[in-house]
Structure formats: C-alpha cells, structure tokens
Amino acid sequence: ESQKFIECCDCGEYLKKAERRLNEEMERVTHYLDAQSETKITNVVEKEMIANHMVRLIQMENSGLVNMLLDDKYEDLGRMYVLFRRVQDGLLKIREVMTSHIRETGKQLVTDPERLKDPVEFVQRLLDEKDKYDNIITLSFNNDKTFQNALNSSFEYFINLNARSPEFISLFVDEKLRKGLKGVSEEDVEIILDKVMMLFRYLQEKDVFEKYYKQHLAKRLLSGKTVSDDAERSLIVKLKTECGYQFTSKLEGMFTD
C-alpha cells in the first residue's frame, strides 16, 4: 500500500493517507483486538508507511519539506511533524533540512548587493523571515525547543556573514524612532523594540552596534527628532538588561544630558 501511494501521491496527500491508515489500525484494535496488540500493529504501519519513505517524502519535488516551508503549509507540516515523531530520527531529518534551507535563504538575503541598498528594508526582511519560521514552529512543530534552537543558530550564522548588520540594525532603529513609530500604540512599539533586541542578540559584534547606536541617538537628540522619549528609554533599558550597565552607561548619560 505504501509503495502504491508513494508512486502516485504528492507529499501532503501521502501524509494524509499514512495518518488515516494509522488511525484506522488503532481504532480496529479498540474494537476487535487485545489492547496489547496496538504497539505491534502501529510499529508495522510506522515502519512501512513512514520510516521506509522519510527521505523520499522530505525531498519530493514540488511538494516536499522545502516547498511546504516556502508556502507556509502549516497543516501539512504539522502532519509531517506528528508522523515523523513516531519513528527514529524522524524529527532530526526534518530539522536538518529546515536548518539547511533557512541558512541558505538567509545567506542569500544578507549577501545580495541589491538588498544592501536599503538598510531598513534589509532589517525588515530579516524580521519577516524570523516571524515566518516562528509561526511555523508554533503552529506546526508544537513549539518544539529543538526547532527553535535550530532557528536561532541559523539566524546567528547568516546575520553575521554581513559585517554591516550591526550598522543596519541601528539604522532601522533610527528610522523607527525618527518617524516610523508615529501614531503607533505603546504596545506595538514594545513589540517592534523586542524584535530589534532579538536581532541584536544574534550579533557577534555588539560593540559595533553600540558605536553606531550612540551616533544615531546623539543625532536624534540634538535635532529633537525622536518620536518618543519613552521608546528611547525603553530600548536603553532593554540593552542594559541584555548587556549590563557598562554597555549602556554612556547612552543613559547622553539621554539625561
């Protein structure tokens, strides 16, 4: 049966059939068989329908794991997670392909000369990419910490491939605090600042960010062009919590002066 399905179905369809067969067999046990039979029966279904075809399913052209990730196929991804979790190394295989895909697309994102022309757009794309995979992990992968860790390490890897990332993140903050947060609710401002802090944590050259941030903050304060003193203070507090007093003492001094 699994051989027949794998030849004629795309990945999403195959996973539905495997899920249905597994549920049918478990239901049959409750109706007709000794409860102790269930493990043996489900082991056979798992081996024949999932374990034997994992790699082929993941790599299926036009419908495999990468396509599901690209198209935000939350339901199919969730089904793959639940089924693959039942077999040895199933989740590891999903995680490896997801990690490789995120690193590759992230690398293209931060090294494409066209995308380096607009620092604010550059950072926004990073935030959009992070939101995308946070949603997939929350909605499809059961908030699995190992997937979250893989996502974080992938972002840390590619964000530091571009030496200008610290400067661009500071420019993004500058744009938001000069005009981008006008009319935005306090709650939404905090969400944006928290997202900036998330990218900041990935930076290996945090002192480079600090250098640019000081320059940009000084210009905002001297020209009176900050949209919110509260937002400025809030970000400094977040940086202080993250990096300690030494990191932000001069920033706080500039603000109070």
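This passage walks through two helix pairs, the salt bridges and the largest pocket of a predicted model.

Helices α10 and α11 make a good starting point. Helix α10 covers residues 165-180, and its axis sits 11 Å from that of α11, at an angle of about 170 degrees. Angles over 145 degrees count as roughly antiparallel, so α10 and α11 fall into that class. On the α10 side, the residues that meet α11 are I169, F172, V173 and K176. Their counterparts in α11 are I192, V196 and L199. Sorted by type, this contact comes out as six nonpolar residues, one charged and no polar.

Next up are helix α6 (residues 74-84) and helix α7 (residues 90-111), with axes that come within 7 Å of each other. The two cross at roughly 140 degrees, and α6 is therefore oblique to α7. Here M80, Y81 and F84 are what α6 brings to the contact, while α7 brings G90, L91 and I94. This set divides into five nonpolar residues and one polar, with no charged residue among them.

On to the charged side chains. Side chains of opposite charge can pair when their charged atoms come close. The model holds 24 salt bridges. One of them joins E1 to R21, with 2.7 Å from N to O. This pair ties together distant parts of the chain, 20 residues apart: E1 lies in the segment before α1 (2-8), and R21 belongs to helix α2, which runs over residues 11-32.

That leaves the empty space. Rolling a probe the size of a water molecule over the atoms shows where such space is left. In this model, the largest pocket holds about 160 Å³. Its lining is made up of 13 residues, and E186, V189, S228, D230 and A231 are the closest to the pocket centre. Two elements give two or more residues to that lining, namely α11 (186-202) and α13 (229-243). By type, the lining is a mix of five nonpolar, four polar and four charged residues. Helix α11 thus turns up twice in this account: it packs with α10, and it contributes to the lining of the largest pocket.

Key. Residues are numbered from 1 along each chain as its sequence is written. This is a predicted model: local features need pLDDT of at least 70, side-chain atom pairs count only at pLDDT 80 or more; totals for chains, interfaces and linings use all residues. Side-chain values use heavy atoms; hydrogens and water are left out. On a 1 Å grid over the protein atoms alone, a cavity is a set of points where a 1.4 Å probe fits but cannot get out, and a pocket is an open set with protein on both sides within 12 Å along at least five of seven lines; lining residues have an atom within 4 Å of a point. Grid points are joined across faces, edges and corners, and a volume is the space filled by probe spheres set on the points. Helices (H or I, at least four residues) and strands (E, at least two) are DSSP runs, numbered from the N terminus. Ala, Val, Leu, Ile, Met, Phe, Trp, Tyr, Cys and Pro count as nonpolar, Asp, Glu, Lys and Arg as charged, and the others, Gly among them, as polar. Axes are lines fitted to C-alpha atoms, for helices over the stretch in contact, and angles run from 0 to 180 degrees between N-to-C directions. Angles under 35 degrees count as roughly parallel, over 145 as roughly antiparallel, 65 to 115 as roughly perpendicular and the rest as oblique. Contact means heavy atoms within 4.5 Å. A salt bridge is a side-chain nitrogen of Lys or Arg within 4 Å of a carboxyl oxygen of Asp or Glu.
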